[in-house]
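Me: I am new to this structure and would like a close look at a single part of it. Please pick one helix and explain, step by step, how it sits among its surroundings.

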Amino acid sequence: RRLRVLGRMDDLLKIRGELVDLAALERTLQARIGHDRAILRATPDGRNGRTLKIVALDTAAAEAARAVLDIFPPYARPESIEIGPIPK
């Protein structure tokens, strides 16, 4: 009969001192280029807290993602776009 909190249930990350909603950014990206064609990955970064990268399904999805990088705020702009499998 006790409640034990194990963690948070959100995708908020600190990037360059700003709180970023990873899930919201990913939904916006997918709305622009198509669902399941690309995802966002956050990787640890000693200086910035985290950095983002886009993992695209194929070359066409990578080019589409590159064309819409302006949807990201400057502090949360992905540092790279990679082509690779997207986990389901």
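Reply: What follows looks closely at helix 1, beginning with the chain as a whole and then moving outward from the helix to its neighbours.

The model is a predicted one, and its chain holds two helices and five strands, which follow one another along the sequence in the pattern β-β-α-β-β-α-β. The C-alpha trace spans about 50 × 30 × 20 Å along its principal axes, and of the 88 residues in the chain, 32% are buried. Among contacts with a separation of 6 or more, 55% join residues that are 24 or more positions apart.

Helix 1 itself covers residues 22-33, which makes 12 residues, and the distance from its first C-alpha to its last is 17 Å, close to the 16 Å expected at 1.5 Å a residue. At its N-terminal end the helix is capped by Asp21, which places a side-chain oxygen 3.2 Å from the backbone nitrogen of Ala23. Just after the helix comes Gly34, whose phi is positive, at about 115°.

Between these two ends, the residues of helix 1 that are buried are Leu22, Leu25, Leu29, Gln30 and Ile33. Viewed down the helix axis, the buried residues fall within an arc of 130°, and they therefore line one face of helix 1. Arg27 and Ala31, by contrast, lie on the other side of the helix and are exposed.

The next step is to ask what covers the buried residues of helix 1. The cover includes strand 1 (12-15) and strand 2 (18-21), together with strand 3 (38-45), strand 4 (49-56) and helix 2 (59-67). Of these neighbours, strand 3 and strand 4 are the ones that helix 1 lies across, and the helix runs at about 145° to strand 3.

Those two strands belong to an open sheet of three strands, in the order 3-4-5 and with mixed pairing. Strand 3 and strand 5 (80-83) are its edge strands, each pairing on one side only. On average, and with direction ignored, neighbouring strands of this sheet are turned by 35° against each other. The pairing of strand 3 with strand 4 is antiparallel and extends over eight bridges, and Arg41 stands opposite Lys53 in strand 4.

A single residue of strand 4 gives a closer view of the sheet, namely Thr51. Thr51 has a relative accessibility of 11%, and because buried means under 20%, Thr51 counts as buried. Leaving aside residues up to four places away in sequence, Thr51 touches Arg41, Ala42, Thr43, Asp45 and Glu79.

Helix 2, which is also part of the cover over helix 1, lies across strand 4 and strand 5 and runs at about 165° to strand 5. One of the residues found in helix 2 is Ala60, which has a relative accessibility of 48% and so counts as partly exposed. Ala60 and Pro78 are separated by 18 residues in sequence and by 18 Å in space, taken from C-alpha to C-alpha.

Taken together, helix 1 turns one face, lined by its buried residues, towards a cover that includes four strands by name, strand 1, strand 2, strand 3 and strand 4, as well as helix 2, while Arg27 and Ala31 on its other side are exposed.

Notes. Residues numbered from 1 in each chain as written. Predicted model: local features only at pLDDT ≥ 70, side-chain atom pairs only at ≥ 80, totals over all residues. Heavy atoms only, no water. Expected span 1.5 Å × (residues − 1). Buried < 20%, exposed > 50% of the residue type's maximum accessible area, 1.4 Å probe, protein only. Arc of directions from axis to C-beta. Contact = heavy atoms within 4.5 Å. Polar contact = N/O pair within 3.5 Å; in protein donor to acceptor, adjacent residues only side chain to side chain. Pairing = 2+ DSSP bridges. Axes fitted to C-alpha atoms, helices over the stretch in contact; angles between N-to-C directions.
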